[in-house]
Amino acid sequence: MRVLIVHDEPVDGGYGAEAYIRRLVEGLRDAGDTVELLAGERQHHGITKALDLWDPVARDLVEERAKSFRPDVVHFHNIARELSASVLSAARHVPAVMTFHDLRLFGATEHSWLSARGRVERAGARRIRSAARSRLAVAVGVTDRVCDALRADGFAQVSTVRVPAADPVGVLVPAQQCRDVVVAGRLAADKGIDIAIDAFDAASDGIEATRLLIAGDGPQRDALERRARRLGSRVSFLGWLNEDELSGLLGRSRVVIVASQTRRRPEGSSLSAVEAAMHGRPVVASSDPAVSEVVTGLEGGLVVPGDTANIDGFTDALRQVLTDDALAGELATSGRSNAVRLHSIPAVAAATRAVYQAAVDGRSS
(Lines give C-alpha, C1' and ligand atoms only; values in the text may rest on other atoms or scores of the structure.)
Protein backbone atom coordinates (compact mmCIF):
# COMPACT_ATOMS: atom_id res chain seq x y z
CA MET A 1 0.00 0.00 0.00
CA ARG A 2 0.85 3.66 -0.28
CA VAL A 3 0.62 5.18 3.21
CA LEU A 4 0.69 8.86 4.15
CA ILE A 5 1.59 9.26 7.84
CA VAL A 6 0.72 12.59 9.49
CA HIS A 7 2.15 13.69 12.86
CA ASP A 8 2.59 17.06 14.54
CA GLU A 9 6.25 16.83 15.62
CA PRO A 10 9.50 15.79 13.87
CA VAL A 11 10.14 12.10 14.47
CA ASP A 12 13.96 12.18 14.52
CA GLY A 13 13.90 12.94 18.26
CA GLY A 14 11.17 13.07 20.86
CA TYR A 15 9.90 10.26 23.03
CA GLY A 16 7.13 7.65 22.81
CA ALA A 17 5.01 8.71 19.84
CA GLU A 18 8.01 9.68 17.74
CA ALA A 19 9.76 6.36 18.44
CA TYR A 20 6.52 4.55 17.59
CA ILE A 21 6.31 6.26 14.20
CA ARG A 22 9.97 5.75 13.31
CA ARG A 23 9.64 2.04 14.00
CA LEU A 24 6.31 1.72 12.24
CA VAL A 25 7.72 3.35 9.10
CA GLU A 26 10.63 0.90 9.20
CA GLY A 27 8.28 -2.07 9.58
CA LEU A 28 5.92 -0.96 6.82
CA ARG A 29 8.75 -0.35 4.36
CA ASP A 30 10.31 -3.72 5.20
CA ALA A 31 6.91 -5.29 4.43
CA GLY A 32 6.89 -3.65 1.00
CA ASP A 33 4.70 -0.59 1.57
CA THR A 34 5.55 2.87 0.24
CA VAL A 35 5.43 5.41 3.05
CA GLU A 36 5.38 9.21 2.92
CA LEU A 37 5.92 11.03 6.21
CA LEU A 38 4.49 14.47 6.95
CA ALA A 39 5.75 15.36 10.41
CA GLY A 40 6.89 18.57 12.08
CA GLU A 41 6.28 20.70 8.98
CA ARG A 42 3.88 23.11 10.67
CA GLN A 43 4.77 24.77 13.97
CA HIS A 44 2.80 27.28 16.08
CA HIS A 45 4.59 29.74 18.34
CA GLY A 46 3.46 32.60 20.55
CA ILE A 47 0.12 34.05 19.54
CA THR A 48 -0.17 31.56 16.68
CA LYS A 49 -0.71 28.81 19.27
CA ALA A 50 -4.38 29.75 18.86
CA LEU A 51 -4.16 27.89 15.54
CA ASP A 52 -3.97 24.67 17.57
CA LEU A 53 -7.79 24.94 17.46
CA TRP A 54 -8.07 25.18 13.68
CA ASP A 55 -5.27 25.69 11.16
CA PRO A 56 -6.33 25.99 7.50
CA VAL A 57 -2.69 26.08 6.39
CA ALA A 58 -2.10 22.68 7.99
CA ARG A 59 -5.20 21.32 6.26
CA ASP A 60 -3.97 22.58 2.89
CA LEU A 61 -0.55 21.04 3.58
CA VAL A 62 -2.08 17.60 4.07
CA GLU A 63 -4.42 18.05 1.11
CA GLU A 64 -1.58 18.94 -1.26
CA ARG A 65 0.64 16.12 0.00
CA ALA A 66 -2.17 13.64 -0.56
CA LYS A 67 -2.74 14.93 -4.10
CA SER A 68 0.93 14.53 -5.01
CA PHE A 69 1.57 11.24 -3.18
CA ARG A 70 -1.79 9.54 -3.94
CA PRO A 71 -2.00 7.36 -0.82
CA ASP A 72 -4.26 4.35 -0.38
CA VAL A 73 -4.70 5.31 3.27
CA VAL A 74 -3.89 8.30 5.50
CA HIS A 75 -2.61 7.42 8.98
CA PHE A 76 -2.96 10.30 11.45
CA HIS A 77 -1.09 10.25 14.76
CA ASN A 78 -0.83 13.24 17.14
CA ILE A 79 -2.35 16.35 15.59
CA ALA A 80 -3.52 18.46 18.55
CA ARG A 81 -0.32 20.36 19.29
CA GLU A 82 0.50 21.83 15.89
CA LEU A 83 -1.87 20.65 13.15
CA SER A 84 -5.36 20.91 14.66
CA ALA A 85 -8.62 19.15 13.80
CA SER A 86 -8.54 20.87 10.40
CA VAL A 87 -6.30 18.16 8.91
CA LEU A 88 -9.03 15.55 9.41
CA SER A 89 -11.06 17.32 6.72
CA ALA A 90 -8.24 16.93 4.17
CA ALA A 91 -8.12 14.18 1.53
CA ARG A 92 -11.68 13.08 2.29
CA HIS A 93 -11.61 10.70 -0.68
CA VAL A 94 -8.89 8.60 1.02
CA PRO A 95 -9.74 6.21 3.90
CA ALA A 96 -8.15 7.32 7.15
CA VAL A 97 -7.10 5.76 10.44
CA MET A 98 -5.69 7.46 13.51
CA THR A 99 -3.54 6.14 16.33
CA PHE A 100 -4.37 7.54 19.77
CA HIS A 101 -1.08 7.30 21.68
CA ASP A 102 -2.39 8.60 24.99
CA LEU A 103 -5.45 9.99 26.75
CA ARG A 104 -4.68 13.63 25.95
CA LEU A 105 -7.87 14.00 23.92
CA PHE A 106 -9.94 12.51 26.73
CA GLY A 107 -9.03 14.92 29.51
CA ALA A 108 -5.44 14.01 30.38
CA THR A 109 -4.18 17.50 29.54
CA GLU A 110 -0.68 18.81 30.12
CA HIS A 111 -1.69 22.26 31.33
CA SER A 112 -3.92 23.50 34.12
CA TRP A 113 -7.61 23.55 33.32
CA LEU A 114 -7.72 27.17 34.51
CA SER A 115 -4.91 28.37 32.22
CA ALA A 116 -5.35 29.74 28.71
CA ARG A 117 -3.33 26.81 27.31
CA GLY A 118 -5.52 24.38 29.23
CA ARG A 119 -8.70 25.90 27.76
CA VAL A 120 -7.24 25.68 24.25
CA GLU A 121 -6.26 22.05 24.86
CA ARG A 122 -9.78 21.10 25.96
CA ALA A 123 -11.45 22.93 23.09
CA GLY A 124 -9.03 21.40 20.58
CA ALA A 125 -9.61 17.94 22.00
CA ARG A 126 -13.39 18.27 21.60
CA ARG A 127 -13.00 19.38 17.99
CA ILE A 128 -10.64 16.54 17.14
CA ARG A 129 -12.83 13.87 18.73
CA SER A 130 -15.90 15.17 16.90
CA ALA A 131 -14.13 15.34 13.54
CA ALA A 132 -12.42 11.99 14.05
CA ARG A 133 -15.65 10.13 14.82
CA SER A 134 -17.05 11.02 11.39
CA ARG A 135 -13.78 10.87 9.43
CA LEU A 136 -11.98 7.73 10.56
CA ALA A 137 -12.53 4.27 9.14
CA VAL A 138 -10.72 2.83 12.17
CA ALA A 139 -9.58 4.41 15.45
CA VAL A 140 -6.48 2.72 16.86
CA GLY A 141 -5.54 2.63 20.55
CA VAL A 142 -2.13 1.57 21.84
CA THR A 143 -3.71 -0.34 24.76
CA ASP A 144 -7.12 -1.71 25.64
CA ARG A 145 -7.30 1.16 28.14
CA VAL A 146 -7.22 3.69 25.30
CA CYS A 147 -9.60 1.63 23.18
CA ASP A 148 -12.11 1.59 26.02
CA ALA A 149 -12.00 5.40 26.08
CA LEU A 150 -12.54 5.51 22.31
CA ARG A 151 -15.57 3.22 22.46
CA ALA A 152 -17.03 5.16 25.38
CA ASP A 153 -16.73 8.33 23.28
CA GLY A 154 -18.72 6.85 20.41
CA PHE A 155 -16.07 5.57 17.99
CA ALA A 156 -17.59 2.66 16.07
CA GLN A 157 -14.56 0.83 14.65
CA VAL A 158 -11.73 0.47 17.19
CA SER A 159 -8.59 -1.70 17.13
CA THR A 160 -5.72 -2.21 19.54
CA VAL A 161 -2.23 -2.01 18.03
CA ARG A 162 0.52 -2.19 20.66
CA VAL A 163 3.60 0.02 20.83
CA PRO A 164 6.64 -1.32 18.94
CA ALA A 165 10.08 -1.91 20.43
CA ALA A 166 13.26 -2.26 18.39
CA ASP A 167 15.61 -5.21 18.69
CA PRO A 168 18.44 -4.68 21.20
CA VAL A 169 21.76 -3.33 19.99
CA GLY A 170 24.78 -5.31 21.14
CA VAL A 171 25.10 -8.11 23.66
CA LEU A 172 22.57 -8.38 26.50
CA VAL A 173 24.16 -9.04 29.88
CA PRO A 174 21.83 -11.30 31.93
CA ALA A 175 19.81 -9.13 34.30
CA GLN A 176 20.81 -11.21 37.33
CA GLN A 177 24.45 -10.28 36.69
CA CYS A 178 23.71 -6.54 36.67
CA ARG A 179 23.15 -4.02 39.46
CA ASP A 180 22.05 -0.69 37.92
CA VAL A 181 18.48 0.60 38.18
CA VAL A 182 17.21 2.59 35.17
CA VAL A 183 14.48 5.14 34.64
CA ALA A 184 13.95 6.26 31.03
CA GLY A 185 11.55 8.90 29.79
CA ARG A 186 10.61 12.54 29.77
CA LEU A 187 11.42 14.23 33.07
CA ALA A 188 7.92 15.51 33.77
CA ALA A 189 5.81 15.36 36.91
CA ASP A 190 3.47 12.65 35.62
CA LYS A 191 6.33 10.19 35.10
CA GLY A 192 6.94 9.84 38.85
CA ILE A 193 10.71 10.19 38.73
CA ASP A 194 10.57 11.66 42.24
CA ILE A 195 8.90 8.45 43.43
CA ALA A 196 11.61 6.39 41.72
CA ILE A 197 14.39 8.38 43.42
CA ASP A 198 12.90 7.98 46.89
CA ALA A 199 12.17 4.27 46.39
CA PHE A 200 15.70 3.65 45.12
CA ASP A 201 17.14 5.44 48.12
CA ALA A 202 15.29 3.13 50.51
CA ALA A 203 15.53 -0.11 48.51
CA SER A 204 19.25 0.07 47.75
CA ASP A 205 20.33 0.67 51.34
CA GLY A 206 23.07 -1.83 52.09
CA ILE A 207 23.33 -3.10 48.49
CA GLU A 208 26.80 -2.35 47.13
CA ALA A 209 27.56 -1.04 43.63
CA THR A 210 23.92 -0.20 42.85
CA ARG A 211 23.23 3.05 40.97
CA LEU A 212 20.12 4.81 39.68
CA LEU A 213 20.63 5.95 36.09
CA ILE A 214 18.05 8.41 34.77
CA ALA A 215 17.84 8.76 30.97
CA GLY A 216 15.81 11.63 29.56
CA ASP A 217 15.25 15.34 29.86
CA GLY A 218 12.35 17.65 30.57
CA PRO A 219 10.89 20.43 32.70
CA GLN A 220 11.45 18.66 36.04
CA ARG A 221 15.16 17.99 35.58
CA ASP A 222 16.48 20.73 37.87
CA ALA A 223 14.04 19.85 40.67
CA LEU A 224 14.84 16.16 40.36
CA GLU A 225 18.59 16.78 40.45
CA ARG A 226 18.11 18.74 43.66
CA ARG A 227 16.02 15.90 45.10
CA ALA A 228 18.72 13.35 44.24
CA ARG A 229 21.64 15.43 45.52
CA ARG A 230 21.62 13.68 48.89
CA LEU A 231 22.47 10.40 47.12
CA GLY A 232 25.65 11.73 45.55
CA SER A 233 27.24 9.54 42.88
CA ARG A 234 24.63 6.82 43.41
CA VAL A 235 22.33 8.74 41.03
CA SER A 236 23.30 9.97 37.56
CA PHE A 237 21.28 12.04 35.11
CA LEU A 238 22.29 11.01 31.59
CA GLY A 239 20.14 13.38 29.53
CA TRP A 240 18.30 12.40 26.36
CA LEU A 241 19.78 9.28 24.74
CA ASN A 242 19.35 8.13 21.16
CA GLU A 243 17.96 4.64 20.52
CA ASP A 244 21.34 2.91 20.34
CA GLU A 245 22.58 4.60 23.52
CA LEU A 246 19.40 3.69 25.39
CA SER A 247 19.59 0.11 24.15
CA GLY A 248 23.14 -0.20 25.44
CA LEU A 249 22.08 1.18 28.82
CA LEU A 250 19.14 -1.21 29.13
CA GLY A 251 21.25 -4.17 28.12
CA ARG A 252 23.51 -3.63 31.15
CA SER A 253 20.83 -2.88 33.77
CA ARG A 254 19.21 -4.95 36.49
CA VAL A 255 15.71 -3.44 36.54
CA VAL A 256 13.68 -0.57 35.06
CA ILE A 257 11.29 1.55 37.13
CA VAL A 258 8.10 2.91 35.51
CA ALA A 259 6.50 5.05 38.23
CA SER A 260 3.85 6.87 36.18
CA GLN A 261 1.43 8.86 38.35
CA THR A 262 -2.21 8.57 37.29
CA ARG A 263 -3.29 11.41 39.58
CA ARG A 264 -0.96 13.76 37.71
CA ARG A 265 -1.74 12.48 34.19
CA PRO A 266 -2.81 8.94 33.24
CA GLU A 267 -0.76 7.06 30.65
CA GLY A 268 -1.93 5.63 27.34
CA SER A 269 0.71 2.87 27.34
CA SER A 270 4.30 2.40 28.50
CA LEU A 271 7.05 2.25 25.90
CA SER A 272 9.62 2.20 28.72
CA ALA A 273 8.17 -1.05 30.08
CA VAL A 274 8.06 -2.62 26.62
CA GLU A 275 11.64 -1.62 25.81
CA ALA A 276 12.80 -2.97 29.16
CA ALA A 277 11.16 -6.31 28.47
CA MET A 278 12.55 -6.44 24.93
CA HIS A 279 16.00 -6.14 26.50
CA GLY A 280 15.28 -8.83 29.07
CA ARG A 281 14.98 -6.40 32.01
CA PRO A 282 12.43 -6.81 34.82
CA VAL A 283 10.10 -3.87 35.42
CA VAL A 284 8.83 -2.39 38.68
CA ALA A 285 5.72 -0.45 37.70
CA SER A 286 3.00 1.71 39.17
CA SER A 287 -0.65 0.71 39.16
CA ASP A 288 -1.54 3.25 36.46
CA PRO A 289 -4.18 1.30 34.48
CA ALA A 290 -2.40 1.42 31.09
CA VAL A 291 1.04 0.73 32.57
CA SER A 292 -0.21 -2.21 34.61
CA GLU A 293 -2.00 -3.56 31.52
CA VAL A 294 1.27 -3.56 29.59
CA VAL A 295 3.41 -5.04 32.38
CA THR A 296 0.86 -7.72 33.23
CA GLY A 297 0.55 -8.70 29.58
CA LEU A 298 4.33 -9.01 29.28
CA GLU A 299 4.57 -11.09 32.48
CA GLY A 300 7.89 -9.36 32.96
CA GLY A 301 7.59 -7.28 36.09
CA LEU A 302 6.03 -6.42 39.41
CA VAL A 303 3.10 -4.00 39.62
CA VAL A 304 3.01 -2.02 42.84
CA PRO A 305 -0.51 -2.32 44.26
CA GLY A 306 -2.77 0.51 45.33
CA ASP A 307 -1.89 4.18 45.12
CA THR A 308 0.55 5.02 42.33
CA ALA A 309 2.53 7.07 44.88
CA ASN A 310 2.97 4.03 47.15
CA ILE A 311 6.64 4.57 48.13
CA ASP A 312 6.72 1.58 50.46
CA GLY A 313 5.31 -0.63 47.72
CA PHE A 314 7.90 0.57 45.21
CA THR A 315 10.65 0.07 47.76
CA ASP A 316 9.62 -3.49 48.55
CA ALA A 317 9.21 -4.51 44.90
CA LEU A 318 12.50 -2.92 43.87
CA ARG A 319 14.38 -4.57 46.69
CA GLN A 320 12.93 -7.96 45.73
CA VAL A 321 14.26 -7.66 42.17
CA LEU A 322 17.63 -6.31 43.34
CA THR A 323 18.25 -9.10 45.83
CA ASP A 324 16.57 -12.16 44.27
CA ASP A 325 18.57 -13.37 41.25
CA ALA A 326 16.09 -16.15 40.46
CA LEU A 327 13.17 -13.74 40.38
CA ALA A 328 15.07 -11.26 38.23
CA GLY A 329 15.96 -14.03 35.77
CA GLU A 330 12.41 -15.37 35.56
CA LEU A 331 10.90 -11.96 34.93
CA ALA A 332 13.57 -11.15 32.37
CA THR A 333 13.01 -14.35 30.40
CA SER A 334 9.21 -14.19 30.28
CA GLY A 335 9.19 -10.47 29.58
CA ARG A 336 11.55 -10.75 26.62
CA SER A 337 9.66 -13.70 25.12
CA ASN A 338 6.35 -11.85 25.26
CA ALA A 339 7.83 -8.57 24.05
CA VAL A 340 9.23 -10.25 20.94
CA ARG A 341 5.87 -11.92 20.28
CA LEU A 342 3.66 -8.90 20.90
CA HIS A 343 5.75 -5.76 20.42
CA SER A 344 8.40 -6.45 17.78
CA ILE A 345 8.46 -4.09 14.80
CA PRO A 346 7.27 -6.81 12.37
CA ALA A 347 4.40 -7.76 14.71
CA VAL A 348 3.21 -4.17 15.06
CA ALA A 349 3.61 -3.49 11.33
CA ALA A 350 1.51 -6.59 10.53
CA ALA A 351 -1.23 -5.48 12.94
CA THR A 352 -1.20 -1.98 11.42
CA ARG A 353 -1.38 -3.32 7.86
CA ALA A 354 -4.46 -5.33 8.88
CA VAL A 355 -6.05 -2.08 10.09
CA TYR A 356 -5.20 -0.41 6.77
CA GLN A 357 -6.79 -3.26 4.84
CA ALA A 358 -9.94 -3.03 6.95
CA ALA A 359 -10.10 0.71 6.28
CA VAL A 360 -9.69 0.26 2.51
CA ASP A 361 -12.17 -2.62 2.38
CA GLY A 362 -14.68 -0.62 4.40
CA ARG A 363 -14.45 2.32 2.00
CA SER A 364 -14.86 0.11 -1.10
CA SER A 365 -17.79 -1.95 0.24
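Reader: Does Phe-106 count as buried, partly exposed or exposed in this structure?

Author: In this predicted model, the relative accessibility of Phe-106 is 24%. Buried would require a value under 20%, and exposed one over 50%, so Phe-106 counts as partly exposed.

Reader: Which kind of aromatic pair do Phe-100 and Phe-106 form?

Author: The ring centres of Phe-100 and Phe-106 are 6.1 Å apart, and their planes meet at 45°. Planes under 30 degrees apart would count as stacked and over 60 as edge-to-face, so the pair of Phe-100 and Phe-106 is tilted.

Reader: Phe-100 also pairs with Phe-155, so how many residues apart in sequence are the parts that this pair ties together?

Author: The rings of Phe-100 and Phe-155 form an edge-to-face pair, with centres 5.7 Å apart and planes at 70°. Phe-100 belongs to strand 4, whereas Phe-155 lies in the loop between helix 4 and strand 6, so the parts tied together by the pair are 55 residues apart in sequence.

Reader: Why is strand 7 described as largely enclosed by the rest of the structure, and how many of its residues are buried?

Author: In a regular strand the side chains alternate between the two faces of the sheet. On one side of strand 7, Asp-180, Val-182 and Ala-184 are buried, and on the other Val-181 and Val-183 are buried as well. Strand 7 is therefore largely enclosed, the buried residues being five of the five.

Reader: Which residue of strand 8 is the bridge partner of Val-181?

Author: Strand 7 and strand 8 pair in the parallel sense over four bridges, and together with helix 5 they make a right-handed β-α-β unit. Within strand 8, the bridge partner of Val-181 is Leu-212.

Conventions:
Residues are numbered from 1 along each chain as its sequence is written. This is a predicted model: local features need pLDDT of at least 70, side-chain atom pairs count only at pLDDT 80 or more; totals for chains, interfaces and linings use all residues. Side-chain values use heavy atoms; hydrogens and water are left out. Rings of Phe, Tyr and Trp (its six-membered ring) pair if their centres lie within 6.5 Å; planes under 30 degrees apart count as stacked, over 60 as edge-to-face and the rest as tilted. Buried means under 20% relative accessible area, exposed over 50%, partly exposed in between (1.4 Å probe, protein chains only). Helices (H or I, at least four residues) and strands (E, at least two) are DSSP runs, numbered from the N terminus. Two strands pair if DSSP finds at least two bridges between them. A crossover is right-handed if, with the strands pointing away from the viewer, the path from the first strand over the helix to the second runs clockwise.
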